[in-house]
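Here is a walk through one protein model, written for someone new to reading structures. Keep the 3D view open and follow along.

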Amino acid sequence: MSRNSRPAIDRSIASAAGMSRDGQPLSYNRAPAADLAPWIGRLYVTVVEMPDDYLLDCGLFNDTPFIRIQLRGQWTADTADGRLHSEGDALFFGPHTRRMPVSVRGSFTSVGLTLRPGACHALRGPGARDHLDRICPLDDMGLSSRRWLDLFDPDGTPEDWCRAMEDEMRQIIAGRGGEIPELLTARFEAEAFVDPSITVTRFAREMGVEQRRLERCVRRDFGMPPKQVLRRARALDMASHLRGVADHDEAEALSLRYYDQSHLIREFTDLFGMSPRQFVARPQPLMTLALETRQSRRLEMIERIQPGQIRPWQ
């Protein structure tokens with residue numbers, strides 16, 4: 001599907017990190033330090049100003065676990081366990097199987113990092129399958145919510161906050177043995193960024209492993225079957241394109257991942273709860289912030305851009 005109209009924007013919000021060419025809000029996000037790359041996918045800082053009582057009704061759809069520190073804002077999320085209300089909390093977000101409705105009232109600051117597939121298992125943390133579409137306090141994960149909330153100097157810069165998170169993660173990784181996630185998991189994660197149209201059978205053959213072993217590994221580290229992981233990756237890349245936070249030069253290639261227009265509409269609607277046309281026509285600030293962070297990492301991983309380089313939508 002070619003994006004032939006500008007995605008709708010919410011003019012009531014202003015992001016401290018600026019806006020994309022299409023007027024979509026952006027966050028400060030970057031790759032982790034090299035020594036943390038086996039476990040962390042991305043770090044982000046989002047600071048958004050809105051009218052005091054303004055309710056931003058949106059959603060999130062993430063393909064990896066997150067540690068999210070909600071420093072400002074009154075948050076509500078519809079999780080697999082029911083509706084969750086939070087304010088000033090340190091939270092663990094499991095990966096999503098589909099769009100999770102999320103809203104926030106008032107100006108907000110959200111800081112956090114993505115954990116790569118397999119990182120939780122390698123560090124003896126929560127199982128991915130047990131936390132699909134769920135949100136838990138960090139205390140429930142064996143981490144200190146209070147410690148994470150205290151990491152961020154109110155006078156610090158976004159980069160200061162990212163470095164504080166990296167230092168904390170170094171201590172956690174060392175304290176839990178420092179085991180690196182399985183190579184097969186990392187290769188499958190990379191393939192989901194490069195070519196999520198690949199068949200599971202072909203990937204197993206190219207890796208020289210039995211398909212049953214691949215499926216066990218992916219279910220353990222992603223929380224779902226490999227076919228579902230690839231389907232989600234296709235939809236997230238298309239969503240990034242529709243919101244204007246993707247490399248426009250990939251538009252045709254992204255569309256060719258679907259058999260035809262009806263296939264795209266059916267799969268997208270099933271995962272996002274709305275058609276691609278509706279997705280473009282409705283402001284999606286929270287969703288776009290998450291998609292932009294993921295797409296930045298993807299383009300760096302597949303070497304379409306270099307770390308720190310200006311992104312195509314900026």
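Let's start with strand E3, residues 40–49, which pairs with strand E8 in the antiparallel sense over eight bridges. If you want one spot to look at in this pairing, find Thr-46: its bridge partner in E8 is Ser-110. Keep in mind that this is a predicted model, so everything here is read off a prediction.

E8 has other partners too. Strand E4, residues 55–60, pairs with E8 over six bridges, again in the antiparallel sense. Strand E5, residues 66–79, does the antiparallel thing with E8 over ten bridges. Here is one bridge for each of these pairings.

| Strand paired with E8 | Bridges to E8 | Example residue | Partner in E8 |
|---|---|---|---|
| E3 (residues 40–49) | eight bridges | Thr-46 | Ser-110 |
| E4 (residues 55–60) | six bridges | Leu-55 | Arg-105 |
| E5 (residues 66–79) | ten bridges | Trp-75 | Val-104 |

So how enclosed is E8 by the rest of the structure? Of its 16 residues, 14 are buried, so E8 is largely enclosed by what surrounds it.

Now follow E5 the other way. E5 also pairs with strand E6, in the antiparallel sense and over five bridges. In that pairing, Asp-78 stands opposite Arg-83 in E6. Together E5 and E6 make a hairpin, and two residues sit between them.

Next, the empty space inside. How many cavities of 30 Å³ or more does the structure hold? There are seven. The largest cavity has about 230 Å³ of space in it. It is lined by 23 residues, and the closest to its centre are Leu-60, Arg-68, Gln-70, Trp-75 and Ser-110. You have met some of these names already: Trp-75 is the bridge partner of Val-104, and Ser-110 is the bridge partner of Thr-46.

Which strand gives the most to the lining of the largest cavity? That's E5, with six residues. At least two lining residues each come from E3, E5, E6 (82–86), E7, E8 and helix H11 (285–301). Sorted by class, the lining has 14 nonpolar residues, eight polar ones and one charged one.

Time to zoom in on a loop. His-96 sits in the loop between strand E7 (89–93) and strand E8 (100–115). Is His-96 buried or exposed? His-96 is buried, because its relative accessible area is 0% and the cut-off for buried is under 20%. Leaving out residues up to four places away in sequence, His-96 touches Leu-60, Phe-61, Asn-62, Asp-133, Met-224 and Arg-232. Leu-60 is a name to remember from the cavity, as it is among the residues closest to the centre of the largest one.

Compare that with Met-19, in the loop between strand E1 (14–15) and strand E2 (28–30). At 35% relative accessibility, Met-19 counts as partly exposed. Its contacts, again without residues up to four places away in sequence, are Ile-13, Ala-14, Gln-24, Pro-25 and Leu-26. There is a fun detail here: Met-19 and Trp-313 are 294 residues apart in sequence, yet their C-alpha atoms are 9.1 Å apart in space.

What about the cysteines? The structure holds zero disulfides. Take Cys-120: the closest cysteine sulfur is in Cys-136, and at 11 Å it is too far for a bond, because a disulfide needs the two sulfurs within 2.5 Å. Cys-217 is in no disulfide either, since its nearest cysteine sulfur, in Cys-120, is 14 Å away. Cys-120 is buried at 11% relative accessible area, and Cys-217 is buried at 4%.

Finally, let's look at the backbone. Most residues other than glycine have a negative phi. Which way does Arg-124 go, positive or negative? Its phi is positive, near 55°. Arg-124 is in the loop between helix H1 (119–122) and strand E9 (135–137), and at 57% relative accessibility it counts as exposed. Glu-303 also has a positive phi, about 65°, although it is not a glycine. You'll find Glu-303 in the segment after H11, where it is exposed at 63% relative accessibility.

Note on methods
Residues are numbered from 1 along each chain as its sequence is written. This is a predicted model: local features need pLDDT of at least 70, side-chain atom pairs count only at pLDDT 80 or more; totals for chains, interfaces and linings use all residues. Side-chain values use heavy atoms; hydrogens and water are left out. Helices (H or I, at least four residues) and strands (E, at least two) are DSSP runs, numbered from the N terminus. Buried means under 20% relative accessible area, exposed over 50%, partly exposed in between (1.4 Å probe, protein chains only). Contact means heavy atoms within 4.5 Å. Two strands pair if DSSP finds at least two bridges between them. On a 1 Å grid over the protein atoms alone, a cavity is a set of points where a 1.4 Å probe fits but cannot get out, and a pocket is an open set with protein on both sides within 12 Å along at least five of seven lines; lining residues have an atom within 4 Å of a point. Grid points are joined across faces, edges and corners, and a volume is the space filled by probe spheres set on the points. Ala, Val, Leu, Ile, Met, Phe, Trp, Tyr, Cys and Pro count as nonpolar, Asp, Glu, Lys and Arg as charged, and the others, Gly among them, as polar.
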